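Reader: Could you walk me through this one slowly? I keep seeing labels and I'd like to know what earns them.

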Amino acid sequence: MPTSTGRWRPAGLWLRWSWRDLKSRWIQVAAIALVIALGTGSYAGLSSVTRWRRASTDDGYARLHMHDLRVELAQGSTVPQGSLLDVAAALGEGVVERAEERLVLPTQVDASTAGRAILVPGSIYGVSAAAGGPAVDGLFVHLGRELTGDDAGKPVALLERHFGKYYGLSAAGTLRVSGGQEVEYVGQAVTPEYFLVITERGGFAAEANFAVLFMPIESAQRLTGREGQVNDLVLELAPGADRAALQPRLAALLAERLPGVGATVTTREEDPAFQIINADIDGDQQVYDIFAVLIFAGAVVAAFNLIARIVESQRREIGIAMVLGVPPRRIAIRPLLVAAEIALLGVVFGIGAGILIGNAMAGVLKDFSPLPAWYTDFQWRVFLSVGIIGFLFPFLATTWPVWRAVRVPPVQAIQAGYRAARGGGLAPLFRWVRLPGNTFAQVPVRNVVRSPRRSLLTSLGIAAAIAALVAFVGLIDSFIDTIDRGERVILSKNAERLEVDLDRPYAVDSEVVRAIAGQPLVAAVEPQLRLGSVVIKDGEEVNLQVQVLALDSPVWAPRMTSGAIQREREGIYLSELAARNLGVRPGDTVTLRHPRLDVANATFTLVETEMEVLGLHEHPFRFVAYVDSNQAGLFNLAGATNLLEVVPAEGVTRDDLKRALFPLPGVVSTQGVGEVAEVIQDLLNEFVVILRVIEGALLVLALLIAFNSASINMDERAREHATMFAFGVPVRTVLRMAVVENFLLGIAATAGGVFAGWLLLRAIIAIRIPSTVPDIDVIPVISPVTLALSVILGVLAVAMAPLLTVRKLRTMDVPGTLKVME
Amino acid sequence: MIELEHVTRAYGEGPAQVRALDDISLAIREGEFVVVLGPSGSGKTTLLNIIGALDTPTSGTVRVAGRDITTASRGELFAIRRRTVSFIFQGFNLFPGLTARENVQFAIDACGRKGGPSADEVLESVGLEGRARQFPHQLSGGEQQRVAIARALATGNPVLLADEPTGELDFHTGVRILELLQKQSGPGRAVVVVTHNRQIARAADRVIELSSGHVAGDGPPAGGKANVADLYW
């Protein structure tokens with residue numbers, strides 16, 4: 001029985017020996033460890049962020065009692081306060097935990113400061129303030145004070161925090177809303193419906209362009225001239241109540257008890273912000289998974305490459321051990337220990353990198369999304385699982401070359417000199433391929449083809465990094481391109497025009513419209529209608545913002561990609577995405593659920609009309625739909641308008657016109673037609689620094705893999721280089737050959753990487769976009785700049801990698817290398 | 001053609017210092033076929049490296065083809081290797097990604113020689129016509145060493161240095177290689193072969209025997225110069 005000393009002595013020897021192997025190649029080891037660290041660290045860090053987001057948003061929903069069901073009356077409709085609560089009560093005892101009526105109305109907010117004009121559309125939320133704020137969809141005050149019962153009836157409000165933060169507004173102050181009325185805001189708060197700011201016109205993360213004011217319901221009623229009226233109800237159901245089952249029941253009760261009032265009932269899951277946040281968290285995790293796998297693949301290939309080289313360089317030592325009768329499993333211990341040490345080092349670096357990446361991302365997210373509380377505790381489960389995978393995969397990848405090495409017959413393993421020389425790989429196939437120039441020009445090509453497996457593995461590692469880079473930047477490009485497409489459509493004519501929302505439909509020759517059209521700053525006015533509707537086909541529903549306009553308008557008219565404008569024919573023009581989702585083409589019939597003015601009751605009712613799809617327009621937003629103004633009778637709104645497209649007079653700025661229109665009666669909001677796109681671009685710009693950091697990290701990754709490969713190549717070709725030096729070939733010429741060889745690898749890897757990145761980008765967009773932003777038709781695009789940058793950087797970074805080994809070449813012991821390599 | 005005056009090459013410092021060459025002076029003339037003989041550790045490879053401008057002496061002067069290489073800069077040493085000396089190695093050190101012809105052409109490109117025999121002509125001169133398109137791994141050991149000799153000859157450099165050129169080869173092949181090397185000495189060229197094999201030394205015009213870094217003997221081979229065909233080992 002072996003003594004403990006007997007057991008431990010060999011273990012110590014193996015450890016010391018493998019540690020010496022590690023030290024002798026420490027630069028390559030560090031490079032691979034860093035690659036593993038980037039893979040494990042980025043995955044662990046970003047996955048931690050996913051968990052933090054999930055925990056923090058869930059906490060926010062619970063803490064602020066986000067509604068389970070919400071009732072919204074058709075645009076412009078209101079009912080006497082208490083009517084909606086009565087309907088909710090009819091659901092029965094013990095079903096509803098809390099219910100509150102609200103008055104939600106669009107407005108225009110003027111929060112201009114001394115140095116900046118801030119005129120944006122927004123909403124007024126009249127909510128219960130009796131107990132310090134609403135009990136359902138509560139408010140979390142970040143700055144200032146809560147609303148109190150004493151504020152009821154006074155023009156006092158809380159400002160939505162995202163908006164306040166975006167413009168750096170103080171905790172309290174004064175602003176004006178439509179009609180020029182002053183409102184004092186006493187603090188800045190968030191509510192679950194605005195954990196992400198979404199406008200009904202499809203703007204998401206739209207805090208730069210959308211202001212929400214939460215005020216006591218009495219104040220909202222007084223401010224908007226709707227005393228005693230409400231148009232919104234939010235309900236928190238009792239524990240165990242079935243939201244899905246109660247939704248149609250509540251809708252039926254509304255139809256029964258409030259006939260003629262169009263009302264929609266939505267669940268929490270249908271809330272746009274809730275939907276996007278949840279889908280976004282899941283979608284982000286999917287993207288992290290893909291990137292982590294790619295980075296990891298690079299790390300695994302790099303580890304495999306290095307261990308294979310180490311094993312190759314130990315070939316004779318392995319043979320000698322075999323001759324001495326050491327069993328193969330024992331011989332394998334040394335290279336496997338090296339592999340384990342590299343993987344372990346990578347994981348240790350990875351934990352540090354993960355903590356750094358996670359905290360950096362969390363900092364940005366906290367800033368971007370001011371939730372009531374952020375939970376950023378160390379996600380040890382994530383790190384543990386990533387650590388195990390990060391260790392196992394590179395380690396397992398190295399078992400193959402080790403296994404192969406210890407299966408070689410001892411005689412072969414101890415062979416020296418030319419008898420041990422390898423074959424020429426694919427070089428014989430390329431003997432006829434001659435590049436222009438002398439033999440120095442042929443060497444790099446032959447080197448690439450004579451060891452095809454090594455070239456392939458190196459290219460694969462680099463390609464993985466390039467693919468991640470292309471997919472990542474391509475995602476940004478695709479979003480920007482989508483926004484640009486939308487912008488091009490909208491700005492194709494009279495780009496400086498404004499959209500002016502009116503508080504209700506007016507006759508086109510009414511005083512309100514005439515007052516706007518008569519402004520000296522206005523060059524032209526195009527009366528239109530915009531109405532929220534739903535298009536239905538075979539049970540599939542898509543929400544729309546139907547714009548009713550003269551489709552031959554000189555101010556602006558949409559262009560069709562298929563079908564044709566037929567002004568006299570009843571029909572609708574849908575976006576290509578909506579048509580795709582519904583499975584319809586021009587000529588098909590769809591059902592439109594839309595509001596219709598009930599003149600007798602002065603309210604809107606929802607009706608369903610069969611309509612032909614006359615054409616598909618080119619705007620990338622799904623909810624954008626058009627109906628010709630000749631068909632306005634469909635809504636019982638012929639000759640009426642609730643939306644004006646206003647063209648400013650020559651030399652008049654957008655802000656000047658906004659200021660002029662703001663105090664006019666009937667004006668709810670004014671917005672430049674291109675502002676939604678501008679806001680999204682602003683947001684993208686905010687993230688640009690992070691995006692560039694990630695882009696840089698991926699480039700470093702490609703460079704590390706390339707350097708590693710170049711360094712291994714230099715080691716392996718040391719004797720060839722020494723021979724060249726013996727023939728007086730200068731270091732710069734040897735380096736040039738290595739650079740050209742890597743350049744060729746870089747081209748192959750970049751081409752493969754760009755292609756894989758393109759496929760990946762398509763997959764990410766196909767998987768992620770429909771669930772995250774279903775209303776946007778994102779088409780995969782890699783911009784020429786990104787493509788050129790990826791190609792140039794990918795090829796150059798890889799080609800230049802051998803330059804990092806110049807010191808090794810310059811200090812080479814030429815006689816020793818020529819001799820020792822025997 | 002090659003002159004060494006009081007050349008010493010020491011490694012390490014203090015008591016651990018080892019003198020691979022210790023105050024050696026010798027001269028090798030044009031047309032000589034010289035064998036440097038000695039056991040392992042005698043300093044023969046160090047001597048070859050210094051003559052070949054791969055190493056520099058700790059003290060003393062070395063002149064090759066009239067140039068003092070002890071005071072030469074790094075760049076000048078590279079130039080000397082390109083235009084003055086050519087190496088033949090025990091392990092051949094051919095470039096595995098290049099064909100036989102390309103290996104020879106590589107040396108021509110490296111020295112920048114214009115004119116003179118082509119790579120094919122040099123290969124023919126070593127009896128490798130018809131093998132020019134083969135890669136090293138497709139050639140036998142003897143053929144590979146012939147390519148290595150052709151590569152060294154192709155430079156046209158006046159000094160040919162061979163380090164244990166037959167060490168990897170069987171007897172018959174070794175004899176043929178030795179014959180080939182012997183033929184290369186002549187007007188304008190000296191051949192220096194380093195070996196530990198006394199039989200090879202018998203084929204030389206002159207044998208310089210080294211022992212512990214000193215010249216232990218310098219003169220014709222003991223028993224006179226033998227025909228290569230009469231050698232055995």
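Author: Sure, starting with chain B. Among its contacts between residues at least 6 apart in sequence, 68% join residues at least 24 apart, where a contact means that two C-beta atoms, placed from the backbone, lie within 7 Å. As for where this comes from, the model is predicted, so local features need pLDDT of at least 70 and side-chain atom pairs count only at pLDDT 80 or more, while totals for chains, interfaces and linings use all residues. Residues are numbered from 1 along each chain as its sequence is written, and chains are lettered from A and ligands numbered from 1 in the order in which they are written.

Reader: What is the matching share for chain A?

Author: In chain A, 84% of the contacts with a separation of 6 or more are between residues 24 or more positions apart.

Reader: How do you know that the radius of gyration of chain B agrees with a compact globule?

Author: Set the value against the rule, which is 2.2 Å times the number of residues to the power 0.38, with the radius taken over C-alpha atoms. For 233 residues a compact globule would come out near 17 Å, and chain B has 17 Å, so the two agree. The C-alpha trace of chain B spans about 55 × 45 × 35 Å along its principal axes.

Reader: Which helices and strands does each chain have, in numbers?

Author: Chain B comes to seven helices and ten strands, and chain A has 23 helices and 22 strands. These are DSSP runs numbered from the N terminus: H or I of at least four residues for a helix, E of at least two for a strand. The C-alpha trace of chain A spans about 105 × 65 × 55 Å along its principal axes.

Reader: Why is N93(B) called buried?

Author: A residue is buried if 20 or more other C-beta atoms, placed from the backbone, lie within 10 Å of its own, exposed if 12 or fewer, and partly exposed in between. N93(B) has 26 of them within 10 Å, so it is buried. N93(B) sits in the loop between strand 6 (85–88) and helix 3 of chain B. Its phi is positive, about 55°, although N93(B) is not a glycine. That's worth a remark, since most residues other than glycine have a negative phi.

Reader: And what makes H65(A) partly exposed?

Author: H65(A) has 18 other C-beta atoms within 10 Å, so it is partly exposed. It belongs to the loop between helix 2 (26–63) and strand 1 (69–73) of chain A. H65(A) also has a positive phi, near 50°, and is a residue other than glycine.

Reader: How much of each chain counts as buried?

Author: In chain B it's 53% of the 233 residues, and in chain A it's 51% of the 822 residues.

Reader: Why are helix 7 and helix 20 of chain A called roughly antiparallel?

Author: Helix 7 (residues 272–313) and helix 20 (residues 731–772) of chain A pack at about 165°, with their axes 9 Å apart. Axes are lines fitted to C-alpha atoms, for helices over the stretch in contact, and angles run from 0 to 180 degrees between N-to-C directions. Angles under 35 degrees count as roughly parallel, over 145 as roughly antiparallel, 65 to 115 as roughly perpendicular and the rest as oblique. Helix 7 and helix 20 of chain A are therefore roughly antiparallel.

Reader: What classes do the residues of that contact fall into?

Author: Seven are nonpolar, four polar and two charged. Ala, Val, Leu, Ile, Met, Phe, Trp, Tyr, Cys and Pro count as nonpolar, Asp, Glu, Lys and Arg as charged, and the others, Gly among them, as polar.

Reader: Which residues does chain B bring to chain A, by number and class?

Author: The contact takes 33 residues from chain B and 30 residues from chain A. Helix 3 of chain B gives the most to the chain B side, with seven residues. By class, that side has 15 nonpolar, eleven polar and seven charged residues.
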